[in-house]
Amino acid sequence: MCGIFGFAGKTDEQLLGRMGAVLIHRGPDDGGSLRLPWVSLGHRRLSIIDIAGGHQPLANEDETVWLIFNGEVYNYRELRAELLSKGHQFRTNSDSEVIIHAYEEFGPDCFKRFNGMWALAIADTKRRRLVLARDHFGIKPLYYAQSPSGRLLFASEIKALLQDPAIKADADDQMVYEYLVHGFHDHRSETFFKGIYHLMPATYMVVDVDAVVDVDAVGGADAAGGPDGNGARDGGATTEAADATNNGGTLRLRRELVTYWTPKLSEDGSGDPEEFRRLFQKSVERRLVAEVPVGSCLSGGLDSTAIVSFMSELLRDKAPDAASMRGQLKTFSAVFDKDPIDERDYIKVAVDHTGADTTYIRPQSEVFVDELRDLIWHQEEPIVSTGPYAQWCVMREARKQVTVLLDGQGGDELLAGYVPYHFVYLRQLLKERKYAALTREAWAARDILKPFILRRLGLGAGLRGLLGRGARRPRDLPVRSLLRPEFSASVKDPGYGRSQDNLKLRLLQDVTTYSLPCLLRYEDRNSMAHSVESRVPYLDQELVEWILRLPPSAMVRDGWSRWIVRAGLRGVLPEKIRGRRWKVGFTTPEMRWLKARRATFLGLFRSPTFQARKYWDAEKVAAAFLGACQGRVDESMFFWRAINVELWLREFIDARASAGSGSGTAVATTSSPAALVAAAEDVQATAVAQAAAALTLPGPVGAQHRGSLGDLGDMLAADMIGTEEAWRLRDTYRPDGGKHLFATARGRVYARLPIKTGKLVRGDSLDDFVAEYAGPVVRNGDIMVIAEKPVAISQGRSWPIEEIKATWLARLLTKAVTKTPHGIGLGIPQTMQLALNEAGAPRILVAAVVSAVARVLGVRGVFYKIAGPTVEAIDGPTAGTLPPYDSQAKLGPKDPMGVAAHLAEMLSGSGAVGVAIIDASDLSVKVLGHSAGVDPAVVATLMRDNPLGQGHQQTPIAVLRMVGELPGTPRDESARSGRSMAAAD
């Protein structure tokens with residue numbers, strides 16, 4: 001498993017080295033290259049088979065055919081025997097050399113004979129021809145682009161193509177639209193990068209390079225453009241040409257795209273479960289061949305358990321290739337403590353059945369946020385959801401014990417593993433007027449179909465379902481209304497595109513277009529980010545050809561999905577898993593994670609770069625997301641898609657433009673020109689050294705951390721504002737916990753300067769505290785924001801928990817309080833007692849009763865509206881806060897309006913300085929008091945993501961400073977949007 005890269009055209013060792021340097025994670029073991037006047041090839045190797053002899057580029061005996069190769073050809077032994085019988089001589093035991101001799105013997109027709117996963121490049125020096133090819137299903141990636149320099153570049157990952165400074169990184173707006181609205185991606189030859197293309201699955205490209213009159217003079221521009229959205233068609237070819245001219249020298253590249261295999265559907269297969277069992281076991285066995293340790297992912301579902309069950313049998317039976325398991329089957333599983341999607345019970349069944357040595361991985365939402373930039377950089381294009389992060393975590397942990405992992409991708413799409421396929425089959429039976437079969441199948445599947453039908457009708461379980469219209473349900477999110485009209489008008493809506501009443505056609509569409517291609521991209525990037533080879537037994541060529549001939553009843557029968565798998569693996573699978581009805585999938589608690597980290601993502605929605613995008617109305621997106629967090633709006637995955645597009649644009653489009661180079665990585669700018677020049681020189685020297693090393697030397701294993709989520713956004717915001725002040729603030733202040741330093745409100749950009757303070761204890765002067773820490777920072781026009789906690793402490797309204805004596809009423813009322821991870825609130829008797837003392841028992845009892853009734857009707861937030869803001873500000877001891885406050889409970893501050901006015905007057909020596917006192921958490925923000933001239937709505941908007949922090953940050957004060965206008969957003973229009981958002985809240 002490796003990374004391949006190179007180009008047809010004028011040689012450039014630095015460019016080739018830079019391409020290799022960004023792919024080292026794919027092949028940390030060593031590197032190699034071939035540089036000819038008309039073609040350059042580069043290779044990063046992860047050694048799996050023939051570790052001693054498989055170095056690349058690899059050539060035939062007379063060095064007229066050179067190969068770089070990423071992947072495995074599992075039937076290489078059979079092909080080797082055939083080629084030996086035809087007189088070919090071999091010097092290694094690698095599958096790579098089999099490819100070379102197969103190309104010599106059969107030409108490009110050899111590709112259809114390979115059973116495996118691959119992306120490769122062949123330099124045919126006799127014909128001055130570069131051949132690029134990709135496996136039948138696109139398991140291994142290959143991208144290409146025509147550079148204005150005249151070169152045709154190719155690589156395993158897009159980031160390598162971006163190392164050519166002549167290639168401009170621009171977003172393809174059509175792809176962005178289809179992703180935001182429909183969730184489509186990886187469904188065409190186009191990528192999210194304009195002018196960069198996938199080489200489609202089951203396709204090869206032949207690039208003929210004409211003689212060059214003057215190699216050193218080659219330059220110029222592409223004359224041809226890229227392919228259409230469908231790529232090459234089976235039985236024919238798409239031919240393109242590109243000229244590059246300069247000073248009389250001419251280089252002509254002719255490109256021909258050929259599809260060498262097209263999946264064909266029929267229903268003439270036997271559907272014999274025993275034959276499925278034989279073919280699947282053979283596929284698993286083929287994927288054990290390795291000279292490094294092999295293990296498997298295990299989710300507890302049907303597909304992964306089938307794989308590990310056969311691995312266990314092969315290990316027990318001492319199959320020759322099972323030696324790669326080193327005597328012990330190792331599995332790796334993502335689990336989510338106390339979450340509905342946790343599959344630990346099923347995983348344990350599979351482990352007990354197979355005797356596997358299992359490692360549990362626990363992905364966490366806070367770590368996910370910290371690693372989000374790393375994930376997006378490796379994925380390179382937006383992804384469907386947060387789900388691939390679970391796989392990312394599994395791959396990272398697995399690398400500590402194994403180098404190869406088997407995984408179950410493809411089984412659901414080939415054999416109808418998802419519940420929506422049931423509906424497609426039922427509609428097919430209806431269309432075919434097979435009413436008896438329709439009735440039988442619908443009744444047999446009633447338990448898994450019913451929840452989806454109720455959800456579609458807007459009915460929930462239990463009381464909400466009984467109440468029907470009387471229950472409040474989240475309103476649907478009108479995604480298109482969140483997009484800017486001018487953006488929507490500039491693109492074309494492709495429609496849904498999937499068959500709704502033909503099961504086998506729908507499965508094929510998902511295998512080739514709508515589902516599997518993106519899953520394979522996640523699989524490849526997540527595994528290779530951590531220098532792991534991932535293998536997918538369901539996509540064995542022989543097995544897939546057999547499945548394509550099955551009748552639909554082999555996939556769905558008697559209410560069971562994947563019927564032939566369940567029937568064929570009776571006795572292989574444990575019965576509890578073989579009879580599983582519900583599918584979870586390899587994912588994360590998606591919306592629960594987004595809600596848990598709502599503060600971080602609200603900060604992203606308020607960041608200047610997000611607000612300035614041409615794609616969406618950022619104010620509406622932020623308001624809708626807040627509504628979803630509060631249960632008023634549908635939990636649409638549009639929110640994740642908008643987050644992902646924003647972070648992708650920052651990482652690959654904005655940062656590259658800001659850096660002004662082809663490195664694809666922005667250089668941190670400072671306000672000092674001399675420092676900037678020195679930093680640029682250091683970066684250039686480092687890049688030259690890395691480029692040279694990437695073509696020869698081993699490199700580090702695994703992903704490297706790229707920084708917090710807000711770092712790059714703030715750098716780009718400072719660049720957008722374009723003032724020395726913005727850069728000075730960005731270089732001086734670091735926000736808490738990955739938050740953004742800059743945020744927007746009503747068309748203006750504000751810096752939110754966190755001020756780290758000492759501890760304030762009971763009896764300390766709040767005036768002295770503010771004067772010491774905020775006084776040196778504030779200036780005319782600023783707003784000082786202070787958390788309610790230090791104000792309350794200075795007023796003596798905070799007590800050790802043991803000093804508060806709770807009554808029986810406080811203990812009773814506490815039992816009805818919903819506890820959250822963001823603060824104690826009234827969730828313990830001591831804080832409830834403070835509420836009773838502050839507001840009086842009658843008021844608290846009325847608030848509790850009315851709130852309970854309202855909750856049954858689907859209405860939330862009533863309690864504090866009745867109890868009042870001083871009760872809402874009560875909080876208790878929270879783990880992670882600073883001692884001694886991690887063991888204290890407190891009331892809200894007394895007379896916050898008066899305190900704010902007093903502090904503003906005290907700070908008046910710095911000019912007109914406003915003050916606001918807030919009660920903020922990761923769930924909400926309330927402005928408890930403010931001085932004259934301060935707009936509490938603006939403060940609430942700017943502090944909604946809780947930049948002061950939730951725990952031990954020790955930054956109870958922030959200074960809000962307006963640093964510029966949001967580009968392209970008239971202030972009056974933004975103010976109207978802000979008012980509409982406040983109304984929506």
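Reply: A residue is called buried when its relative accessible area is under 20%, exposed when that area is over 50%, and partly exposed in between. The model shown above is predicted, and these words will be used for its residues throughout.

Me: Is Glu104 buried or partly exposed, then?

Reply: Glu104 has a relative accessible area of 34%, so it counts as partly exposed. Glu104 sits in helix H3, which covers residues 95-106.

Me: Which residues gather with Glu104 in a patch on the surface?

Reply: Glu61, Asp62, Glu63 and Glu105 gather there with Glu104, and the patch carries negative charge.

Me: Which residues make the nonpolar patch on the surface?

Reply: Val849, Val853, Val856 and Leu857 make that patch, with an area of about 350 Å². Take Leu857 as the example. Leu857 lies in the loop that runs between helix H35 (841-856) and helix H36 (862-867). With a relative accessible area of 41%, Leu857 is partly exposed.

Me: Now the other side of the scale. How many residues of helix H10 are buried?

Reply: Eight of the eight residues of helix H10 (residues 372-379) are buried, so the helix is largely enclosed by the rest of the structure. The buried residues of H10 include Arg373, Asp374, His378 and Gln379, and also Leu372, Leu375, Ile376 and Trp377.

Me: What follows H10?

Reply: Glu380 follows H10, and its phi is positive, near 75°.

Me: How many disulfides are there?

Reply: A disulfide requires two cysteine sulfur atoms within 2.5 Å of each other. By this rule the count is zero. Two cysteines can still be read for burial. Cys393 has 4% relative accessibility and is therefore buried. Cys518, with a relative accessible area of 6%, is buried as well.

Me: Why do some charged side chains pair?

Reply: Side chains of opposite charge can pair when their charged atoms come close. For a salt bridge, the cut-off is a side-chain nitrogen of Lys or Arg within 4 Å of a carboxyl oxygen of Asp or Glu. By this rule the structure has 64 salt bridges.

Me: How far apart are the closest N and O atoms of Asp493 and Arg480?

Reply: They are 2.7 Å apart, and Asp493 and Arg480 form a salt bridge. Asp493 belongs to the loop between helix H17 (485-489) and helix H18 (503-514), while Arg480 belongs to the loop between helix H16 (462-467) and H17, so the pair ties together parts that are 13 residues apart in sequence. Asp493 is partly exposed at 30% relative accessibility. Arg480 is partly exposed too, at 47%.

Me: Which residue meets Asp731 in a salt bridge?

Reply: Arg730 does, with an N to O distance of 3.4 Å. Asp731 is partly exposed at 29% relative accessibility, whereas Arg730 is buried at 10%.

Me: Which residue meets Glu838 in a salt bridge?

Reply: Arg797 meets Glu838, at 3.0 Å from N to O. Glu838 is in helix H34 (residues 829-839) and Arg797 is in the loop between helix H32 (788-794) and strand E22 (798-800), so the pair ties together parts that are 41 residues apart in sequence. Glu838 is partly exposed at 31% relative accessibility. Arg797 has a relative accessible area of 12% and is buried.

Me: Which residues do salt bridges that share partners join into one network?

Reply: Arg26, Lys140, Glu157, Lys159, Glu380, Asp524 and Arg525 are joined in this way. Glu380 has appeared before, as the residue that follows H10.

Note on methods: Residues are numbered from 1 along each chain as its sequence is written. This is a predicted model: local features need pLDDT of at least 70, side-chain atom pairs count only at pLDDT 80 or more; totals for chains, interfaces and linings use all residues. Side-chain values use heavy atoms; hydrogens and water are left out. Patches are made of residues with over 30% relative accessible area and no salt bridge: like charges are joined within 9 Å, nonpolar side chains (Val, Leu, Ile, Met, Phe, Trp, Tyr) within 5 Å. Accessible areas come from the Shrake-Rupley method with a 1.4 Å probe; for residues, only the protein chains shown count as cover. Lys and Arg count as positive and Asp and Glu as negative; His and the chain ends are not counted. The place of a charge is taken as NZ of Lys, CZ of Arg, CG of Asp or CD of Glu. Helices (H or I, at least four residues) and strands (E, at least two) are DSSP runs, numbered from the N terminus. Buried means under 20% relative accessible area, exposed over 50%, partly exposed in between (1.4 Å probe, protein chains only).
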